[in-house]
Amino acid sequence: MKDRGQVNAHTHCYSGLVPLGMPAPQPQPECFIEILERVWWRLDRALDHESLAAAARYYMGEALLAGTTGLIDHHESPSCIEGSLDVLADAAEELGMCAVLTYGASERNGGREEAQRGLAECRRFISQNRRPLVRGVVGVHAPFTVSDDTLREAGELARELQTVTHMHLAEDQTDGADARAKGYAGPLERALSLGALPRGSILAHGVHLTAQEVRACATNGVWVVQNPRSNRANGVGAPEHLDLTELAALGTDGFPSQMESELAEFSDGAGALRLAAGERLMAERFDGDVVELAGDFKGGVVRQLVVDGRPIVQDGVLMSANRESVEQEARAQAARLWIRMDNQGAGGEA
Ligand SMILES: [Zn+2]
């Protein structure tokens with residue numbers, strides 16, 4: 001491990017409480033869309049600012065102890081959109097985590113109005129945020145949950161604010177089928193032709209991108225982030241062509257930020273290349289504003305981490321927050337969250 005630690009290039013801190021006993025979905029999901037509907041879209045609707053803060057602090061604290069010093073988060077909390085990025089940003093700043101944050105605009109609960117609230121949260125946050133360790137970008141959940149208008153507006157907003165977009169794309173066949181039904185060759189062509197991917201934009205997954213499409217990502221300066229554990233867990237397949245681009249990084253997609261576990265999914269050296277690329281991606285987003293990071297990560301244990309002169313980890317102990325109280329609060333909020341998820345009923349209404 002290098003002395004700047006590792007970058008997790010696509011994750012969801014909002015799922016930080018999941019390891020603390022989230023009940024299994026009933027009935028058991030049988031495909032990707034059922035996994036989204038019965039697990040993740042119920043979880044994100046149940047979030048409030050208290051549970052989100054607890055999830056983010058717990059996730060980031062454990063991530064730092066595992067050697068992750070930078071993460072690129074993709075956030076959704078449809079019941080509390082406004083201000084949600086500040087909750088995440090405050091946790092990052094407190095814990096000492098470099099973070100690139102976004103709200104993933106979607107029309108899947110409340111149509112265009114919901115998407116516009118998501119984009120407005122991105123605009124507000126990117127315009128107001130002054131935290132040295134945190135940057136914001138414009139987010140879309142995934143092409144298949146938004147209209148052309150939302151994709152177009154996301155691209156326009158990113159250009160106006162001189163930043164990029166971050167969205168899921170071609171994770172499952174659904175995105176491709178949706179794009180073709182709307183008259184496009186695929187979700188990448190759709191997003192590119194609507195101007196939704198300014199250079200430097202970040203696509204999570206790209207599992208179903210063809211070789212030609214991966215080359216188009218490279219030509220357009222668009223990053224793709226592979227998430228091997230998540231792809232396997234969701235049964236969506238594995239991307240086959242990412243070796244064709246140097247703009248391919250590695251993420252955990254909401255799994256605990258243990259990058260070694262993602263590396264273990266590779267049988268060749270591609271994982272190490274992706275992990276190293278994540279640092280370049282992070283540097284792009286900080287645009288030369290280098291955060292002073294000094295660490296000693298020997299043997300997979302974080303002996304020491306100093307961020308901007310502040311001790312964050314010392315001899316494997318979290319210094320920026322009290323790990324025990326962070327975990328205690330996380331467990332208390334997790335218990336509340338499972339009840340709130342359950343209260344949505346089988347129909348999934350919030
Ligand atoms: Zn994701």
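**Chatting through a predicted fold**

Trainee: Let's start with L188. Which residues does L188 touch, leaving out those up to four places away in sequence?

Mentor: Not counting those neighbours, L188 touches L169, A170, L209, E213 and A216. Keep in mind that this is a predicted model.

Trainee: And which helix is L188 in?

Mentor: L188 sits in helix α7, residues 187-193.

Trainee: Is L188 buried or exposed?

Mentor: Buried: 29 other C-beta atoms lie within 10 Å of L188, and the cut-off for calling a residue buried is 20 or more.

Trainee: How far is L188 from G278?

Mentor: The two are 90 residues apart in sequence, and their C-alpha atoms are 21 Å apart in space.

Trainee: OK, new topic: the sheet. What is the strand order?

Mentor: The order is β1-β2-β3-β5, four strands in an open sheet with parallel pairing.

Trainee: Which strands stand at the edges?

Mentor: β1 (6-11) and β5 (134-136) do. Each has a single partner strand, so one side of each has no neighbour in the sheet.

Trainee: How much are neighbouring strands turned against each other?

Mentor: On average by 15°, ignoring direction.

Trainee: Can you walk me through the pairings, starting at β1?

Mentor: Sure. β1 and β2 pair in the parallel sense over four bridges, with Q6 partnered by T68 in β2. Moving on, β2 and β3 pair over three bridges, also in the parallel sense. There, G70 has C98 in β3 as its bridge partner, and I72 has V100.

Trainee: And on the other side of β3?

Mentor: Strand β3 (residues 98-101) pairs with β5 over three bridges, in the parallel sense. V100 has R135 in β5 as its bridge partner, while A99 stands opposite V134.

Trainee: So V100 turns up twice. What are its partners on each side?

Mentor: I72 is linked to V100 by a bridge, and R135 in β5 is the bridge partner of V100 as well.

Trainee: Which residues of β3 are buried on each of its faces?

Mentor: C98 and V100 are buried on one side, A99 and L101 on the other, and both faces of β3 are covered. That split fits a general pattern: in a regular strand, side chains alternate between the two faces of the sheet.

Trainee: How many residues of β2 are buried?

Mentor: Six of its six residues, and β2 is described as mostly covered.

Trainee: What links β2 to β3, and with which handedness?

Mentor: Helix α3 (residues 84-95) joins them in a right-handed β-α-β unit.

Trainee: Which helix lies across the sheet strands?

Mentor: Helix α11 (residues 270-286) lies across β1, β2 (68-73), β3 and β5, and runs at about 80° to β1.

Trainee: Last one, helix packing. How do α4 and α5 sit against each other?

Mentor: The axes of α4 (residues 111-128) and α5 (residues 148-160) come within 11 Å and cross at roughly 10°. That makes α4 roughly parallel to α5.

Trainee: Which residues meet there?

Mentor: From α4, R112, A115, L119, C122 and R123 meet D149, T150, E153, A154 and L157 of α5. By class, this contact has five nonpolar, one polar and four charged residues.

Note on methods. Residues are numbered from 1 along each chain as its sequence is written. This is a predicted model: local features need pLDDT of at least 70, side-chain atom pairs count only at pLDDT 80 or more; totals for chains, interfaces and linings use all residues. Axes are lines fitted to C-alpha atoms, for helices over the stretch in contact, and angles run from 0 to 180 degrees between N-to-C directions. Helices (H or I, at least four residues) and strands (E, at least two) are DSSP runs, numbered from the N terminus. Angles under 35 degrees count as roughly parallel, over 145 as roughly antiparallel, 65 to 115 as roughly perpendicular and the rest as oblique. Two residues are in contact if their C-beta atoms, placed from the backbone, lie within 7 Å. Ala, Val, Leu, Ile, Met, Phe, Trp, Tyr, Cys and Pro count as nonpolar, Asp, Glu, Lys and Arg as charged, and the others, Gly among them, as polar. Two strands pair if DSSP finds at least two bridges between them. A residue is buried if 20 or more other C-beta atoms lie within 10 Å of its own, exposed if 12 or fewer, and partly exposed in between; C-beta atoms are placed from the backbone. A crossover is right-handed if, with the strands pointing away from the viewer, the path from the first strand over the helix to the second runs clockwise.
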